[in-house]
Amino acid sequence: MLRSFLLRGSLLLVVGLGLFVAGTATAASSHKACSCSGGIDKWGRQIPAWETYCGYLTCGTSNKQWECTASGWKQIGWCGSGNCICRDGRDEWDEPIPNATTWCGFETPANNLDIYQCNWSSQWQYVRAGNFCDVCTCYDGQDRWGNAIPPSSTYCGYTTIGVNGNRWQCTAGGWDMVNNGAATNNAKFGINTAAFLDHPNGETNDLSRAQTETMGWYLMMIGNRDDWSEIDWRITPAIQNAHASGLTPILRLCTEHNCRYQNNVQSLVQMLNDGFLASNVNQDYYVVLGPNEPPTEKWMTPTTEAMTPACGTNDYCTWQLASIAGEIANFVDYTLDNVYSSRRISGGGDIGFVSPVFDCHNDLNTPELMSELHAALVARGRSFTDFDAIGMNAYNLHNQDAKFYVDRCKGWLESATGISRYSHDYFITETGMLEVSQNGVVPAVARDQFRQVNERFRNDWTIDAVLFFNATGRNPDPDFSYNVLTQTCEWDYILGGH
């Protein structure tokens, strides 16, 4: 089966043995972060250093295959015979493969990570399904005893303890030092199931994955049940199981429609104060007090549920946002007034409350909604500081990483309230690789960029929780498949090892 396709970031360029000069290269956090000088391909062409990057492949005049690595050119094997030239290839990083660097039998992952080969007819031919683990190869590694680590055994996410006791991870840019040799602290990361509870065993795989990766958080959706009386005992074992896996649960009450809490806040309060849940759970958990991404999710009352943007496409008018904010503030005020102070984390109990979760991409509505909600809370003698954490959603999108959007959201909140952005703890309840579907970013690049933004989240002391939306694929909606992680190496890679 012959296909045109986009190929691997390990470019196939050819370096002559006698003319080969050790290239300069620098290890860094992305596949473009190193370059190699002095390369000459099999046709005698000098390879410009700017054309190379970590993973760039070439075949030398001696028929030896070379790869540009963080420490320079490395011989990785032999090229095939014949003078095949396959045109218009692009690699897994969506970089073009120069025609002259290909040869008969050359294999590489495409930008969808499947493996293609340049065949004897000089056409790209599908060989087999590939995976993310094929993307990275790291050279010159040594384990703690000084033994060389075969490059062929490495892959994206491969980790080892080096001779100096530090932990190193194989990335698209070469070896990155993860930490001082201890297990990576992933306690601020977690999984957003993107699905309602599937009592009693629906969460088993999710919890196992989160526990394996030493994560700290687990978000569950608990609304939209036809039988209200079941809510209490359905969520109790799920919360207990999360605690048993070392995870702190976050409860998202509802989605967009059919939410029993919107006119029944008294039942929520009773459940938290005196229900089966209150009697059987005595470890911390959090409840989101309000919708996820208002105003687009509007379950507070039938009035707001029926509301549509009146000031432009997806743009709600000030009076609409004020109405939504007032209903949220009523919900928040009643809950905070009536849940026993002794049950709240702030009073020495176990229940924490998170603000409505703000969409940090929605610059049409979010800044003004924050301002209207602040005014509605103040009118009831309350403030954003009454929440134990501020909920936000942000993804890598539109050539900006998720941390950019979170920082922008923090600024909006500070402007709306006059309260310092450093006065809050933040829960990022949704994040991931949305740019795969929204911006056409290829999977290998998306994984690499997600790894980098997670490191930025890790280093922000105001962010307590970062949850990967639908990372285990529990939600069957194909629109949410962009964030599904199917291989252990993917989890290790985006989390820096475990």
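Helices and strands here are DSSP runs, a helix having at least four residues and a strand at least two, and both kinds are numbered from the N terminus. With that in hand, let's walk through this predicted model.

**The whole chain**

The protein has 498 residues, and 57% of them count as buried. Its secondary structure comes to 11 helices and 20 strands. How are the contacts spread along the sequence? Take the pairs of touching residues that are at least 6 apart in sequence: 67% of those contacts join residues at least 24 apart.

How confident is the predictor? The pLDDT averages 86 over the protein, and 89% of the residues score at least 70. Residues 1-29 are another story, with a pLDDT below 50, although this stretch has 161 contacts in the model beyond near neighbours in sequence. Where pLDDT is low, predicted coordinates should not be read in detail.

**Helix H1 and its partner Leu247**

Helix H1 covers residues 204-212, and Asp206, Leu207, Arg209 and Ala210 are buried in it. Look down the axis of H1 and these buried residues fall within an arc of 160°, so they line one face of the helix. Just after H1 comes Thr214, with a positive phi of about 50°.

Now hop along to Leu247, in the loop between helix H2 (231-244) and strand S14 (248-252). Leaving out residues up to four places away in sequence, Leu247 touches Leu207, Ala210, Met215, Gly216, Trp217, Tyr218 and Ala242. Two of those names, Leu207 and Ala210, are among the buried residues of H1. Leu247 and Gly216 sit 31 residues apart in sequence, yet their C-alpha atoms are 4.6 Å apart.

**Around helix H8**

Which residues does Ala394 touch? Not counting residues up to four places away in sequence, its contacts are Cys360, His361, Ala402, Tyr405, Val406, Ile428, Glu430, Thr431 and Gly432. You'll find Ala394 in the loop between strand S18 (390-393) and H8. Along the chain Ala394 is 13 residues from Asp407, and their C-alpha atoms are separated by 9.9 Å.

Helix H8 itself covers residues 402-417 and holds Ala416. With residues up to four places away in sequence left out, Ala416 touches Pro367, Met370, Ser371 and His374. From Ala416 to Pro367 there are 49 residues in sequence and 7.1 Å in space, C-alpha to C-alpha.

**Backbone oddities in loops**

Leu113 has a positive phi of about 80° although it is not a glycine. Its home is the loop between strand S6 (107-109) and strand S7 (115-118). Asn314 also has a positive phi, near 60°, without being a glycine. You'll find Asn314 in the loop between H5 and helix H6 (318-338).

There's a cis peptide bond to spot as well: the one from Pro294 to Pro295, with omega near 5°. Pro295 lies in the loop between strand S15 (285-288) and helix H5 (302-305).

**Buried or exposed?**

Here is how five of the residues mentioned above come out.

| Residue | Relative accessible area | Status |
|---|---|---|
| Ala394 | 0% | buried |
| Leu247 | 1% | buried |
| Leu113 | 9% | buried |
| Ala416 | 16% | buried |
| Asn314 | 55% | exposed |

Why does Ala416 count as buried? Its relative accessible area is 16%, and buried means under 20%. Asn314, at 55%, counts as exposed because the cut-off for that is over 50%.

**Empty spaces**

The largest pocket holds about 460 Å³ of space. It is lined by 19 residues, and the closest to its centre are Glu293, Tyr395, Glu430, Phe480 and Tyr482. Sorted by class, this lining has eight nonpolar, six polar and five charged residues.

How many cavities of 30 Å³ or more does the structure hold? Just one. The largest cavity has a volume of about 40 Å³. Its lining is made up of Asn192, Leu219, Arg252, Val288, Asn292, Val357, Thr429 and Glu430. By class, that's three nonpolar, three polar and two charged residues.

Keep an eye on Glu430 as you turn the model. This residue is in the lining of the largest cavity, it is named among the residues closest to the centre of the largest pocket, and it touches Ala394.

Notes: Residues numbered from 1 in each chain as written. Predicted model: local features only at pLDDT ≥ 70, side-chain atom pairs only at ≥ 80, totals over all residues. Heavy atoms only, no water. 1 Å grid on protein atoms, 1.4 Å probe; cavity = no way out; pocket = protein on both sides within 12 Å on 5 of 7 lines; lining within 4 Å. Points joined across faces, edges and corners; volume = space filled by probe spheres on them. Nonpolar A, V, L, I, M, F, W, Y, C, P; charged D, E, K, R; others polar. pLDDT = per-residue confidence, 0-100. Contact = heavy atoms within 4.5 Å. Buried < 20%, exposed > 50% of the residue type's maximum accessible area, 1.4 Å probe, protein only. Arc of directions from axis to C-beta.
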